Amino acid sequence: MILAIDAGNTNIVLGCMEGEELRFTARVRTDRAKTEDEYALIFRNLFDLHQVDRHNLEGAILSCVVSELTEVLRKAVETVIKNRPLVVGAGLKTGLNIKIDNPAQLGADLVVDAVAALAKYPKPIVIFDIGTANTMSVLDGQGRFLGGAIMAGPRLSVDMLASRTSQLPRIELDAPPKVICSNTIQCMQVGAIYGHAAMIDGLIDRVEEELGEPIGTVVATGGLFGRIAPYCRRKIIWDDTLMLDGLRILYEKNRG
């Protein structure tokens, strides 16, 4: 049994995995001000809450896109399980053939998503990770990581509108019943939900044109994709455990 941790800009997702079975998953808010002891207390309490004996853990693996928290979380995990976790980054064996200009710049989360997608789905693959930032990753028919795109996520987009304009409010991410709306809140919701769905559909079309072959799989993950999925017109697999599966695969590739 291992602990897999995906630390993003907004949330930290934990998964306790026994082989391919997910024993429990939990989500806590990312807080850059918390200390390693505070995170250790949260992690220990989550094990108690889900009635899982943390002393039975073989090890752990951590992916973190918040650089100032990587060492904090690593130490917190080590405190709880008495075992130094693997950290996704330089020196970790991934098996990915990365074709971007500077492979060292590839985010840990994109690496993990790609590793999982290659193990689970037919190629070529387009991966969308929808969160604070939206990312798109493209893997060609040979499984090579070609690159992708980065965009503001739906929550960030509407929050920036509210903070940088004098008359636009902060809104909930709910989908109105139609695209042509007649009040400010619903008009903003159209942009956040239908706008992002249309962007995803359009990017898939353009990727397919550039690749010159049909896409084998489009897969999406991230906490906010569930709001957008019903309004996408292309076939997209929503895989909410893609990151945890990728972390498990990387752990198995690198365990001593």
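A salt bridge is a side-chain nitrogen of Lys or Arg within 4 Å of a carboxyl oxygen of Asp or Glu. The close-up views described below are taken from a predicted model.

**View 1. Glu 208 and Arg 234 are joined by a salt bridge between distant parts of the chain.** The N-to-O separation between the two side chains is 3.4 Å. Glu 208 belongs to helix H5 (residues 184-211), whereas Arg 234 lies in the loop between helix H6 (225-228) and strand S11 (237-238), and the two are 26 residues apart. Glu 208 is partly exposed, with a relative accessible area of 23%. Arg 234 is likewise partly exposed, with a value of 26%. Elsewhere, Glu 71, Arg 74 and Glu 78 are joined into one network by salt bridges that share partners.

**View 2. Glu 58 and Arg 255 form one of the 14 salt bridges of the structure.** The closest N and O atoms of this pair are 3.4 Å apart. Glu 58 is in the loop between H1 and strand S4 (59-64), and Arg 255 is in the segment after helix H7 (242-254); the salt bridge therefore ties together parts that are 197 residues apart in sequence. Glu 58 has a relative accessible area of 38% and is partly exposed. Arg 255 also counts as partly exposed, at 47% relative accessibility.

**View 3. Asp 159 and Arg 155 meet in a salt bridge within helix H4.** Their side chains are 3.0 Å apart, N to O. Both residues lie in H4 (residues 154-164), four residues apart, which is about one turn of the helix. Asp 159 is partly exposed, with 22% relative accessibility. Side chains of opposite charge can pair when their charged atoms come close.

**View 4. Five strands form an open sheet with mixed pairing.** The strand order is S3-S2-S1-S4-S5. Strand S3 (21-29) and strand S5 (86-87) stand at the edges with a single partner strand each, so one side of each has no neighbour in the sheet. Strand S1 (residues 2-7) and strand S2 (residues 11-18) run antiparallel and are joined by six bridges. Across this pairing, Leu 3 stands opposite Cys 16 in S2. Helix H1 (residues 36-49) packs on the sheet and touches S1, S2 and S3. The direction of H1 makes about 140 degrees with that of S3.

**View 5. Thr 30 occupies the loop between S3 and H1.** Is Thr 30 buried or exposed? Thr 30 is buried, with a relative accessible area of 10%. The side chain of Thr 30 reaches two backbone atoms: the oxygen of Gly 8 at 2.8 Å and the nitrogen of Asn 11 at 3.2 Å. Residues up to four places away in sequence aside, the contacts of Thr 30 include Asn 9, Thr 10, Ile 12, Tyr 39, Val 66 and Leu 69.

**View 6. The largest nonpolar core contains 30 residues.** Ile 61, Val 88, Ile 125, Ile 127, Val 219, Leu 247 and Leu 250 touch the most other members of this core. S1, S2, helix H3 (108-120), strand S7 (125-130) and H7 each supply at least two of its residues. H3 gives the most, with eight residues. Val 88 touches Ile 61, Leu 62, Ser 63, Ala 108, Val 112, Leu 247 and Leu 250, not counting residues up to four places away in sequence. A second, separate core has 28 residues, including Cys 16, Val 28, Ala 60 and Leu 69.

**View 7. Strand S8 pairs in the antiparallel sense with S7 and with strand S9.** Six of the seven residues of S8 (residues 133-139) are buried, so this strand is largely enclosed by the rest of the structure. S7 and S8 are connected by a hairpin through two residues and pair over six bridges. Asp 129 stands opposite Thr 135 in S8. The pairing of S8 with S9 (residues 144-152) extends over seven bridges. The bridge partner of Leu 139 in S9 is Phe 145. Four residues separate the strands in the hairpin of S8 and S9, where Gly 143 takes a positive phi near 85 degrees.

Key: Residues numbered from 1 in each chain as written. Predicted model: local features only at pLDDT ≥ 70, side-chain atom pairs only at ≥ 80, totals over all residues. Heavy atoms only, no water. Pairing = 2+ DSSP bridges. Contact = heavy atoms within 4.5 Å. Axes fitted to C-alpha atoms, helices over the stretch in contact; angles between N-to-C directions. Buried < 20%, exposed > 50% of the residue type's maximum accessible area, 1.4 Å probe, protein only. Polar contact = N/O pair within 3.5 Å; in protein donor to acceptor, adjacent residues only side chain to side chain. Core = buried A, V, L, I, M, F, W, Y, C linked by side-chain atoms within 4.5 Å.
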